[in-house]
Amino acid sequence: MDRYRISEGAHLDLRSMDTRDTSAYPSLSKKKAVPVLAQMRRELADLQRVMWADGNHALLVVLQAMDTGGKDGTIRKVLSGVNPQGVDVTGFGVPTEEEMKHDYLWRIHRHAPAKGRIAVFNRSHYEDVLIVRVNNLVPRVRWSNRYDHIRGFERLLTDEGTTIVKIMLHISLDEQKERLEARLADPSKNYKFNPNDLDARAQWDEYMTAYEDAITETSTSYAPWFVVPADRKWYRNLVVTQTLIDTLKGLNLSYPVSDHDLSDVTVN
Ligand code: AMP
Ligand code: MG
């Protein structure tokens with residue numbers, strides 16, 4: 001799914017991108033996407049099984065989005081077919097007091113995936129150049145050095161056997177309004193409403209600039225960003241799932257050959 005991949009050094013203009021795009025699957029609709037996603041999930045589950053058996057590679061999926069962007073829904077829909085034993089999902093919220101006493105990568109690194117596993121980050125170290133920048137939580141000189149640290153950190157992980165895929169779920173300001181209103185109107189969604197989300201919404205423009213800089217600074221050959229149109233949830237799910245499938249396929253993994261000579265073994 002290379003159409004949403006941001007190549008190294010590319011110019012990125014988030015405001016001009018079509019968040020309702022469905023051009024990768026022009027013949028599909030919400031309804032028609034259901035069996036297609038089911039098939040993709042099976043394919044992803046098979047690939048994950050081989051990665052688990054092989055045990056030499058890890059996959060890190062970084063998910064970033066504005067509030068209501070669909071990070072939770074994506075994790076639920078995309079990964080529900082995969083063996084739960086092989087997946088670790090970590091959400092990164094406001095740092096704790098202890099976390100604040102360390103460098104910003106301290107809490108991140110320990111959740112990087114072990115060999116054979118998939119780790120999903122629901123928010124990530126990118127918050128340290130997004131909300132932290134927009135809200136001036138540290139001076140510019142601190143956050144502006146972080147792109148370099150992040151490239152180095154991700155280089156370390158990839159050099160040591162982790163494949164990294166970074167995904168921004170890109171929604172529009174209008175779509176966010178609808179989703180926030182739905183959270184207010186539907187009692188089963190009330191729990192998701194956080195008044196702080198309105199502050200971030202009011203800073204939308206600053207966030208888009210921060211996202212553009214973060215993505216252009218850190219989309220590398222070894223840890224690429226994908227900006228996925230996410231106003232339509234069915235489409236977002238297909239694109240994200242296919243992106244993970246493509247990534248795992250690119251590892252050319254196969255089931256390991258047993259060290260034992262199995263030809264004479266009989267089970268009584
Ligand atoms: P949620 O994803 O809805 O649970 O919200 C988590 C909140 O934590 C979001 O508002 C994030 O922007 C915020 N957050 C995550 N990481 C950081 C960070 N490093 N510094 C400050 N706030 C953060
Ligand atoms: Mg939230």
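Me: In S4, which residue is the bridge partner of Val 89?

Reply: Start with the two strands: S3 and S4 pair in the parallel sense over 5 bridges. Strands here are DSSP runs of E with at least two residues, and helices are runs of H or I with at least four, both numbered from the N terminus. Two strands pair if DSSP finds at least two bridges between them. On S4, then, Val 89 has as its bridge partner Val 120.

Me: What kind of model are we looking at?

Reply: Residues are numbered from 1 along each chain as its sequence is written, chains are lettered from A and ligands numbered from 1 in the order in which they are written, and side-chain values use heavy atoms, with hydrogens and water left out. Local features need pLDDT of at least 70, side-chain atom pairs count only at pLDDT 80 or more, and totals for chains, interfaces and linings use all residues, in what is a predicted model.

Me: In what order do the 6 strands of the open sheet lie?

Reply: Let's begin at the edges: S1 (5-6) and S3 (87-91) each pair on one side only. S1 is joined to S6 by 2 bridges and runs antiparallel to S6, while S2 and S4 pair in the parallel sense over 5 bridges. The pairing is mixed, and the order is S1-S6-S5-S2-S4-S3.

Me: Which residue of S4 stands opposite Leu 59?

Reply: S4 covers residues 118-122, and 5 of its 5 residues are buried. Buried means under 20% relative accessible area, exposed means over 50%, and partly exposed lies in between (1.4 Å probe, protein chains only). Ile 118, Val 120 and Asn 122 are on one face, with Ala 119 and Phe 121 on the other. The residue opposite Leu 59 is Ile 118.

Me: How many bridges join S5 to S6?

Reply: S5 (residues 162-170) and S6 (residues 225-229) run parallel. Two of the partnerships are Ile 167 with Phe 226 and His 170 with Pro 229. The number of bridges that join the two strands is 5.

Me: Which residues of S6 lie on the side opposite Trp 225, Val 227 and Pro 229?

Reply: In a regular strand the side chains alternate between the two faces of the sheet. In S6, 5 of its 5 residues are buried, so both faces are covered. Trp 225 also stands opposite Ile 6 of the neighbouring strand. The other side holds Phe 226 and Val 228.

Me: How far apart are the end C-alpha atoms of helix H11?

Reply: H11 spans residues 233-249, and 14 of its 17 residues are buried. The expected span is 1.5 Å times one less than the number of residues, so H11 should span 24 Å. The computed distance between the ends agrees, at 24 Å.

Me: Is Gly 9 buried or exposed?

Reply: Gly 9 lies in the loop between S1 and H1. Its C-alpha atom is 8.1 Å from that of Thr 220, although the two are 211 residues apart in sequence. Because its relative accessibility is 67%, Gly 9 counts as exposed.

Me: What is the phi of Arg 123 near?

Reply: Most residues other than glycine have a negative phi. Arg 123 sits in the loop between S4 and helix H5 (131-134). Its phi is a positive value, near 70°.

Me: How far is an oxygen atom of ligand 1 from an N or O atom in the side chain of Arg 123?

Reply: A polar contact is a pair of N or O atoms within 3.5 Å; within protein, one must be able to donate a hydrogen and the other to accept it, and residues adjacent in sequence count only if both atoms are side-chain atoms. A nitrogen atom of ligand 1 is 3.2 Å from a polar side-chain atom of Arg 107, and a nitrogen atom of the ligand is 3.1 Å from an N or O atom in the side chain of Asp 128. For Arg 123, the distance to the oxygen atom is 2.6 Å.
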